[in-house]
Amino acid sequence: MTDGSIYNTNQSITFNEGTATLNGDPFASGATVFAEGDYTLVVTDEAGNVTMISFTIDRTNPIITGLTVGISNYTSPLTIGFNEGTATLNGQPFTTGTRVISSGNYTLVVIDEAGNQTIATFTLNISTPESGSGSSSDPSTSSSTSPIPSLGLEIEINGVKQKDLAKETTAVMNGKKVTTVTIDEKKLSRYLDSLPDKPVINIPVHNDSDRVLLLLNGQLITTLNDRNAVILIQTELGSYLLAANRIDWSLVTKRFGSEDALRNMVIQVEITNVPESDIVQLANSIGKARLLSPPIDFNITAAHGGKTIELNKFLSYVERTIVIPNSADDHNKNITGITMTKDGNIVPVPTRMMRENGKTFAVIYSLTNSVYAVIENDKTFADIQNHWAKYDIEQVASKLIVQGVTESSFQPNKQITRAEFTAMLVRALGLHTVDQPTSFTDVNSGQWYYETVSIAEGYGLVTASNNSQYTPNEKLSREEAMVLLGKAMKLAGMDTAISDSEAAQQLSTFKDHHLLDLSARAAAALNVKYGIIIGNQGQLTPNNVITRAEATVILQRLLEAAKLSS
């Protein structure tokens, strides 16, 4: 608990010693504060030392004025206010007392300091512009929006065009063009009932918007999830392909703390062009690489009961595309998608190139939402020019997956440690979010591999043994690498089911397959099956330590086998 904080949930408070009062009344450690109000907790230990904190519990949602409860359609301009917090209208900042004067579909979201939220969705339909509405220089009468009336949006379902299932509203907000798409839940549900499972719903928005929002209610999400539907949002700069069943809805319910969240929440899917200031920051962070596309922010949020959460982690890879300008050399294979972490680091994400209808696209695969861009990069090293793995090392280094020992030296024959290979694997898969610190007792904060191992453990690539040690600085054997790759295959969505007989068949061509540990045979067989490990002179050499060159080559083969790279 932090002094001066405001909370919208019950607070269980503990202290390690002494006695306490809450607003002057005796208070026991571990007790829970339920009621709304302002509180002061004073804890005094036996020596007379005093700790005092003040906090507030506020579960009351903000109040919106200017709209009538139960009415969602209006024919006259509206002056809308709210009593506390901050607000957005169709995703853009909105100031209390602003007058909305143009026809369109609107979603107003107000959030107070405690996180309580009120959402109002309404339609304004004015046949003629209001006269005498005031000078645009007068903030009390001018509108921060300039909406174009709501229009029917033609979408496609399984390639068949549908004209009456969706609407789009376009507005200019703070100088940015914003398009909001809404779906008629009842009509779409009825139409999907006539189709087989796994329908593909294509929503094209080609009007040069800076921001595109798709709003979905909880009932529609349930329908899409039950039908294994896929939604494709397309803009001029990129697209977002999302299957409802790739989101862990049980986790969403848990985070909201409400069983009815799935039925009543509002989902917002968003594609936004990144501000110029962020583009400059990104361009300054990529060194000698060339930025091929403007960065695009892909985001999903869920709102329910006055609370908004980001849906930022998926059960399997989600596909996005970014258009590559014609000026780029689309024959250059050293092109990759990147994202920038919160601490400013550039992280590669699995990317393959695609050409369609005369345009070149970078298809980006990721397990999270973020800001993504595409770069072109060329990297080589002086000590690989005559090496058998030169091509793969250049490819993978140019994609920022592996790095040199120095700027000009790769040391391809150097043996690799467990921590080094884990770092390569995590970067190859585009993993960059840490949910919780690692449980390994020999991996500590401050060590260069601490975050990498934490990420790998969080995604199930590594697991703690009985002694809870990872031994990060030990050399990595080829067998251990194959086990790690087997787990990576599963994360990448590859078919990892293999019977004992098939595993035996895959391994039978190698003279030393008997050297494999029994627990590693299935993973080794999968590596052979997908062409990731091909052996040397009929041998797997599972006990040999893997080199930096070998590690680089098998990571490239993994991405190609998983169809996560060209």
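## A first walk through the model

In the hairpin formed by β17 and β18, 2 residues sit between the strands, and Asn 174 there takes a positive phi near 50°. The model is a predicted one, and this hairpin is a handy place to start exploring it. Strand β17 spans residues 160–173 and strand β18 spans residues 176–183; the two pair in the antiparallel sense over 8 bridges. If you would like a pair of residues to look for, Thr 169 stands opposite Thr 180 in β18.

Now step back to the whole chain. It has 12 helices and 32 strands, and its C-alpha atoms fill a box of roughly 85 × 75 × 50 Å along the principal axes. Of the 566 residues, 48% are buried. Among contacts with a separation of 6 or more, 66% join residues 24 or more positions apart.

The hairpin strands turn up again at the second largest pocket. This pocket has a volume of about 610 Å³. Its lining is made of 26 residues, and Asn 105, Thr 121, Thr 182, Ile 183 and Asp 184 lie nearest its centre. Two or more lining residues come from each of β14 (104–111), β15 (117–124), β16 (148–157), β17, β18, α1 (185–192) and β20 (211–217). The largest share, 5 residues, is given by β17.

Next, have a look at helix α3, residues 249–256. Which of its residues are buried? They are Trp 249, Val 252, Thr 253 and Phe 256. These four lie on the same side of α3 because they cover an arc of only 100° around the axis. A general rule helps here: an α-helix has 3.6 residues a turn, so residues three or four places apart point the same way. On the face turned away from the buried side of α3 you will find the exposed residues Ser 250 and Lys 254. And what do the buried residues of α3 pack against? Their partners are α2 (218–226), α4 (261–264), β23 (266–273), β25 (296–304) and β26 (307–310). Just after the helix, Gly 257 takes a positive phi of about 70°.

Two strand residues are worth a visit as well. Leu 242 belongs to strand β22, residues 238–243, and Thr 336 belongs to strand β28, residues 335–340. Leu 242 counts as buried because its relative accessibility is 12%, and the cut-off for buried is under 20%. Thr 336 also counts as buried, because its relative accessibility is 3%. Beyond its neighbours within four places in sequence, Leu 242 is in contact with Ala 229, Val 230, Ile 231, Ile 247, Ile 300, Phe 314 and Val 318. With the same neighbours set aside, Thr 336 is in contact with Val 349, Thr 351, Ala 373, Val 374, Ile 375 and Lys 399. Lys 399 also gives a sense of distance: its C-alpha atom and that of Leu 242 are separated by 25 Å, with their positions 157 residues apart along the chain.

Finally, the UniProt record, an unreviewed entry, places the feature "domain: SLH" at residues 376–439, 440–499 and 507–566. Here are two of these spans.

| Span | Helix | Strand | Distance between end C-alpha atoms |
|---|---|---|---|
| Residues 376–439 | 31% helix | 2% strand | 37 Å |
| Residues 507–566 | 40% helix | 0% strand | 27 Å |

Methods:
Residues numbered from 1 in each chain as written. Predicted model: local features only at pLDDT ≥ 70, side-chain atom pairs only at ≥ 80, totals over all residues. Heavy atoms only, no water. Buried < 20%, exposed > 50% of the residue type's maximum accessible area, 1.4 Å probe, protein only. Arc of directions from axis to C-beta. Contact = heavy atoms within 4.5 Å. Pairing = 2+ DSSP bridges. UniProt positions renumbered as here; feature names shortened; annotations may be inferred. 1 Å grid on protein atoms, 1.4 Å probe; cavity = no way out; pocket = protein on both sides within 12 Å on 5 of 7 lines; lining within 4 Å. Points joined across faces, edges and corners; volume = space filled by probe spheres on them.
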